[in-house]
Amino acid sequence: MSEVTTVEKKYNKWIIILSIAIPLVVAILFGVKLKDYGFNVEPLSFLPPIYATINGITACVLIMAFFAIKNGKVKLHENLMKLCIALSVSFLVMYVAYHMTSDSTPFGGEGAIRYVYFFILISHIVLSIAIIPLVLITYVRALARVFDKHKKIAKIAFPIWLYVAITGVVVYLMISPYYA
């Protein structure tokens, strides 16, 4: 058995576990309100602009990583991609913390903009779930140094991750006038 197969097999079960567990845990925690369990916590209402900014930074770093690899700067690409993963994890922690301490804000727009908002929101949510295994597989293939397979899946993961990061900012900008 080759080194490549060993590395990929070693991480495959973790990719599956995390790809299922992360969306499930986020969905469960999204419904948990700490005040309902007797915790006297103030709403973390300062977080949405911060995690929206993190999404914007993630989009910029993804583009920088794309150009780094196109210009043969492999180590820079690797470091930028690790930063993207860290930013995404930071976003997720803040997003969950906000929703555990604050009530959801309903979108107040009317007419066609309401349909646009919900299309963007739903596509953002669905693709944010889909991107988890794609990023993990892409990362593991880089770790395994299987760059032909890495590049193949990165061509799928990159535009989806970029879309998720950008639409995260758009969703925030569209809902922000309705925050209490």
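This is a guided tour of a predicted model, moving from the helices and their core to the aromatic rings, the cysteines and one loop residue.

**The annotated spans**

Begin with the stretches that an unreviewed UniProt entry lists under "transmembrane region", namely residues 12-30, 50-68, 80-98, 118-144 and 156-175. Select residues 12-30 and you will find a span that is 100% helix and 0% strand, with its end C-alpha atoms 27 Å apart. Then select residues 118-144, where the chain is 96% helix and 0% strand and the end C-alpha atoms lie 39 Å apart.

**The largest nonpolar core**

Next, show the side chains of Y51, L62, I131, L134 and W161, which have the most contacts inside the largest nonpolar core, a set of 25 residues. Colouring by helix helps here, since α2 (47-70), α3 (74-101), α4 (112-143) and α5 (147-175) each supply at least two residues of this core. Of these helices, α2 gives the most, with 8 residues.

Centre the view on W161 and ask which residues it is in contact with, leaving aside its neighbours within four places in sequence. The residues to display around W161 are T58, L62, M81, C84, I85, S88, I131 and V135. A second core, separate from the one just visited, has 7 residues, and F107, V171, M174 and I175 are among them.

**Aromatic rings**

Now display the aromatic side chains, which form 13 aromatic pairs in this model. Start with F66 and F67, whose rings make an edge-to-face pair, with 5.3 Å from centre to centre and 80° between the planes. Both partners reach the surface in part: F66 is partly exposed at a relative accessible area of 30%, and F67 is likewise partly exposed, at 49%.

Move on to Y172 and Y179, where the ring centres are 6.1 Å apart and the planes meet at 35°, so the pair is classed as tilted. Here the surroundings of the two rings differ, for Y172 is buried with a relative accessible area of 19%, whereas Y179 is partly exposed with 25%. Keep these two tyrosines on screen and add F30, Y51, F91, Y95 and Y98, since ring pairs link these residues with Y172 and Y179 into a cluster. Y51 is also one of the residues with the most contacts inside the largest core. While F30 is in view, add K33, which lies over the face of the F30 ring at 5.8 Å from its centre.

**The cysteines**

How many disulfides does a search of the whole structure find? The search finds 0, and selecting C60 and C84 shows the reason for this pair. The sulfur of C60 has its closest cysteine sulfur in C84, but the separation is 9.8 Å, which is too far for a bond because a disulfide requires sulfur atoms within 2.5 Å. From the other side, C84 likewise has its closest cysteine sulfur in C60. C60 counts as partly exposed, at 48% relative accessibility, while C84 is buried, with a relative accessible area of 0%. C84 has already appeared on this tour as one of the residues in contact with W161.

**A loop residue with positive phi**

Finish at R145, which is found in the loop between α4 and α5. Its phi is near 65°, a positive value in a residue other than glycine. As a background to that value, most residues other than glycine have a negative phi. R145 is exposed, with a relative accessible area of 62%.

Notes
Residues numbered from 1 in each chain as written. Predicted model: local features only at pLDDT ≥ 70, side-chain atom pairs only at ≥ 80, totals over all residues. Heavy atoms only, no water. Core = buried A, V, L, I, M, F, W, Y, C linked by side-chain atoms within 4.5 Å. Buried < 20%, exposed > 50% of the residue type's maximum accessible area, 1.4 Å probe, protein only. Helix = DSSP H or I, 4+ residues; strand = E, 2+ residues; numbered from the N terminus. Contact = heavy atoms within 4.5 Å. UniProt positions renumbered as here; feature names shortened; annotations may be inferred. Phe/Tyr/Trp six-rings, centres within 6.5 Å; stacked < 30°, edge-to-face > 60°. Lys NZ or Arg CZ within 6 Å of the ring centre and 35° of its normal.
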